[in-house]
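Student: Hey, I've got a new structure to look at. Can you walk me through it?

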Amino acid sequence: MSYNEVKKQLKELGPLVNDNKKQVLRVKYLEKLIDNRITFLYKDNQRAVGKGFDLKYNLDFLRKKKTYLDKVKGVIAAIQTEEASLLKMRQDVYFKSRVAFYRSFYLVLGFVLALIILMFFILRRNLKEKRKIKDALLAKNVWYNQLMSSLGWGVISVDVNGVITFINRVAQEVSRCEEGKSLGRVMENLFEIHNEETQAKVMKPLIDVMRTNEIIWLGSNTVIKRKDGSKIYIDGSGAPIYDDDKTIIGGVFFFRDISENRKVQLSLLNSLKETKDYKYALDESAMVAITDNKGSITYVNDNFCAISQYSRAELMGQDHRIVNSGYHRKEFMEEMWETISSGKIWKGEVKNRKKDGALYWVDTTIVPFLSDEGKPYQYVAIRSDITERKKVEEEFSILANNMSQQAWMSDKDGVFWYNQRWLDYSGTTLEEVKGHGWVKVLHPDHLQRFLVKRKQGMESGEGWEDVCPLRGADGSYRWFLSQAEPVFDDQGKVTRWFGTNTDTTILKEAEEELVEKQRELELKIEELSKSNSELDRFVYSASHDLRAPLKSMLGLIGIVKRCEEPNNEDQITRLEMLNDSVIRLDNFIEDILNYSRNTRMGIVSEEINFGQLIEEIRNSHKFMEGANEIKPLVQIDQKEKFISDKKRIIVIFNNIISNAIKYKDTSKEESFVSIIVECDSEKAIITIEDNGIGIAEEKQEKVFDMFYRATKLSNGSGLGMYIVKETLEKLGGSITLESELKSGTKFSIQIPNQNN
C-alpha cells in the first residue's frame with residue numbers, strides 16, 4: 001500500500017469520525033505523519049539522485065521503512081476497527097433516534113395539524129366576527145350617511161394634514177365634487193368659504209379647529225363659493241376628531257345649504273321692515289286702536305290720543321263708548337258689531353265726541369283678527385279724520401238739494417248718495433236705492449243699454465252720458481239726460497263719480513215733433529230735388545235752344561252794320577245797342593249754363609298747364625270791347641304736375657278777367673291785369689289783381705251773392721262771382737277779396753292739387 005492509498009483511506013475516515021473528537025485527532029495525527037514521511041522520502045530521493053545513487057538503494061530503504069508503514073497501517077486498522085464498532089453503535093443509535101425522531105415528528109406533526117385546524121376554526125370564527133363587525137360598521141356607515149343625507153347635512157372629514165378622508169353625498173352635491181375627485185385633496189381646493197357680510201375669506205377652518213382644539217360655528221352670513229363661480233349660503237360647524245387617547249387625528253365639517261332659508265329669512269326681514277314702515281305710515285296718517293274680543297281697548301296710537309283728547313292711560317281698558325257721540329242709531333252700532341263678530345271687515349263713517357265735547361267725523365275700517373278656529377280674538381280699528389270733508393259735504397248737500405237737477409255720487413260699490421230732488425222724484429229712500437237699487441226706476445226697455453254704457457264709461461275712466469226714461473213716484477216715466485264725470489285723487493286715480501239727471505221730457509217731445517217735421521221736410525226736399533232736377537234739364541235745354549237764335553241775330557246784326565251807310569249814325573247806334581243786348585243775353589245764358597254744369601256735374605280731373613290755359617283765356621277775350629286797352633302781366637311758377645277740373649278753372653278765370661276788362665278805370669293812362677300763379681304738390685295759389693275802379697268796402701261782402709251787382713255801371717247778370725265761389729267750393733278751394741275804390745281789386749285763390 002502506497003502513502004497515497006493510506007492518505008486516501010484517512011480521508012474516507014474523516015466523515016466517519018466527525019462525531020468523535022478523539023478519533024478526529026488521531027486521523028489528523030496520522031495524516032500529518034504520512035505527509036511528513038512523504039515529504040521526507042521525496043527530499044531524500046532527490047538527494048540520492050543528485051549524488052548518483054542507484055535506485056535500488058531506494059528500494060532497500062523502502063523495505064526498511066516497511067515496518068513504519070505497517071505500524072501506520074495497524075493504527076489505521078485499529079481506527080477502522082474501532083470506527084466500525086462505533087459505526088455500528090451509531091447506526092443502532094441512529095436507527096433508534098430516527099425511530100424516536102419519526103415518532104416525535106409525527107406526534108409534533110399531529111399536534112401542529114391539530115393546532116392548525118384549531119387555529120383555522122378560531123380564525124374562521126374571528127373572520128366571521130370581523131365580517132359581521134365590518135358589515136355592521138358598513139351598515140352603520142350607510143345608515144349614518146343616509147341619516148346625514150336625509151337631514152340635508154353635508155359631512156367632510158380630514159386627517160391632521162387637512163386631506164379629505166370622507167365626503168358624503170350631500171357634501172358632494174353642494175360642492176359639486178365627486179367622491180373620487182375629492183378624497184385625498186384638501187377641502188380648500190374644492191370650494192372657498194366666505195363671510196358675505198364682511199367679505200372675509202375663511203382660510204382652512206378644519207385646520208383652525210385642530211389647532212385650537214375647539215368647535216367652531218359658522219354664522220348665517222357664511223357662503224360657499226364653488227369653483228364654477230356659483231355660491232350658496234350655509235350654516236354649520238367644525239369639530240376635532242379624537243382617538244382613544246384623546247389625541248386629535250383629524251377634523252369633521254358639518255354644514256347644510258340654507259340658501260332657500262336665507263331667501264325666506266330675507267323675505268321675512270323685508271316683510272318685517274315693510275310691516276314696521278306700514279305701521280309707522282299708519283301711525284303718522286291715521287288713528288289706530290286695538291281691542292280684545294270683548295271690545296276693551298288694548299292699544300291706541302298717538303293720533304288717536306291727540307284727536308280724541310284722551311290720554312293713553314284714560315283709554316286703556318275702556319271700550320269705544322268713551323268717544324260715542326250718541327249721533328248714530330242703536331241699529332247702526334248693532335249692525336257694526338254683528339259684522340265684525342262674524343269675522344267680516346266693517347267700513348263706515350262714524351261721528352264721535354272728543355273729551356272736551358266737540359264732535360268729529362272719522363272714516364272707519366275695523367278688521368277682525370281670527371284665531372285658528374276662525375273666531376275673532378282682537379279687532380284693529382283704523383280711522384281717518386274726515387270732519388272737514390263732512391263739513392264740505394254738508395254744504396255741498398245743501399247746494400245739491402236745492403239745485404234744479406237730480407244728483408248722485410257712486411264708487412266701485414255703487415251709488416252711495418242722492419240729493420233730495422232725486423229721492424223726491426222717485427219716491428224712494430237712500431236705503432232702498434243705495435248701491436244698485438236705482439236700477440228699479442229705469443225703464444226696462446232701456447236698462448241693458450244704459451248699464452253697458454255706464455260700465456264702459458267707468459272702466460275707461462272717462463265721462464259718459466245717456467238719455468233714458470225714469471219712473472217717478474206716481475208711476476209715470478219722464479225722460480232724463482244722465483251725465484257722469486269722474487272725480488280723481490292726487491295721483492290721478494278715479495275715486496268716485498258725480499252724476500246728474502236733467503229732465504229732458506219737453507226737449508224729447510220737441511225732438512220727436514222735430515223729427516216728424518224733419519221727415520216732412522225731407523219729403524218736401526225730395527220733391528224739390530225732383531223739381532230742381534227737372535228745372536236743370538229745362539234750363540240746360542232752353543239755354544241751348546235760346547243761344548242758337550241769338551248767335552244768328554248777332555250774325556245778322558253784323559251783316560246789317562256792314563251794309564248800312566256810314567253816315568247813318570242813328571241806325572248804326574241802334575244796331576250796336578241791339579248787339580249789346582244780344583251779347584248780354586248770351587252772357588246771361590252762358591252764366592246759367594255754367595251754374596247748371598257746376599251744380600249737377602262731377603269733377604273731371606286732368607292735368608293743367610297754367611301757361612297754356614291763361615294764353616287760351618287771353619285769346620278768348622281778345623275781341624272783347626276794351627281788352628286791347630288792358631296790359632296783361634303774367635307770372636307763372638309751376639314746379640309740380642297739377643291735376644284739377646280744367647273747365648271749372650276756366651270759368652273762374654273768365655269771370656274774374658272779364659270783370660277786370662269791363663270795370664277798368666278809363667281815367668288812368670295805363671290799365672293792367674296781373675296774374676300770378678304759384679303751383680306746388682299741395683295746391684295752386686292764384687292772384688289776379690287789376691287797377692280798375694275798385695269796389696266800395698260796404699259792398700265787398702255781397703260780391704259773391706247771387707244776382708248782386710256792385711256798381712251801377714254793371715250790365716251783367718250778377719251771377720259771375722257767385723258762380724266763381726260755388727265752383728271753388730266744388731273744387732275744395734277758396735277765394736278772398738281785397739279792393740279799394742279808384743285803386744283796384746285783388747282776388748286771392750287757392751285750389752288743392754288733386755295729384756297729391
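**Sheet and helices**

Tutor: Sure, starting with a pair of strands: strand 14 (residues 406–411) and strand 18 (residues 494–503) run antiparallel and are joined by five bridges. Keep in mind that this is a predicted model.

Student: Okay, so which residue is the bridge partner of Gln406 in strand 18?

Tutor: That's Asn501.

Student: And what's the strand order in the open sheet?

Tutor: The order is 15-14-18-17-16, five strands with antiparallel pairing. From one strand to the next, the twist averages 30 degrees.

Student: Which strands stand at the edges?

Tutor: Strand 15 (414–418) and strand 16 (464–471). Each has a single partner strand, so one side of each has no neighbour in the sheet.

Student: What does helix 15 lie across?

Tutor: Helix 15 (residues 444–460) lies across strand 14, strand 16, strand 17 (477–488) and strand 18. Relative to strand 16, helix 15 runs at about 150 degrees.

Student: Switching topic: how do helix 19 and helix 20 cross?

Tutor: The axes of helix 19 (residues 646–662) and helix 20 (residues 720–731) cross at roughly 150 degrees and come within 9 Å. Angles over 145 degrees count as roughly antiparallel, and therefore that's how these two helices are described.

Student: Left-handed or right-handed?

Tutor: The crossing of helix 19 and helix 20 is left-handed.

Student: Nice. Which residues meet there?

Tutor: From helix 19 they include Ile649, Ile652 and Ile656, and from helix 20 they include Met721, Val724 and Leu728. By class, the contact of helix 19 with helix 20 has nine nonpolar, four polar and two charged residues.

Notes. Residues are numbered from 1 along each chain as its sequence is written. This is a predicted model: local features need pLDDT of at least 70, side-chain atom pairs count only at pLDDT 80 or more; totals for chains, interfaces and linings use all residues. Side-chain values use heavy atoms; hydrogens and water are left out. Axes are lines fitted to C-alpha atoms, for helices over the stretch in contact, and angles run from 0 to 180 degrees between N-to-C directions. Helices (H or I, at least four residues) and strands (E, at least two) are DSSP runs, numbered from the N terminus. Angles under 35 degrees count as roughly parallel, over 145 as roughly antiparallel, 65 to 115 as roughly perpendicular and the rest as oblique. A crossing is left-handed if the near helix is turned anticlockwise from the far one by less than a right angle, and right-handed if clockwise. Contact means heavy atoms within 4.5 Å. Ala, Val, Leu, Ile, Met, Phe, Trp, Tyr, Cys and Pro count as nonpolar, Asp, Glu, Lys and Arg as charged, and the others, Gly among them, as polar. Two strands pair if DSSP finds at least two bridges between them.
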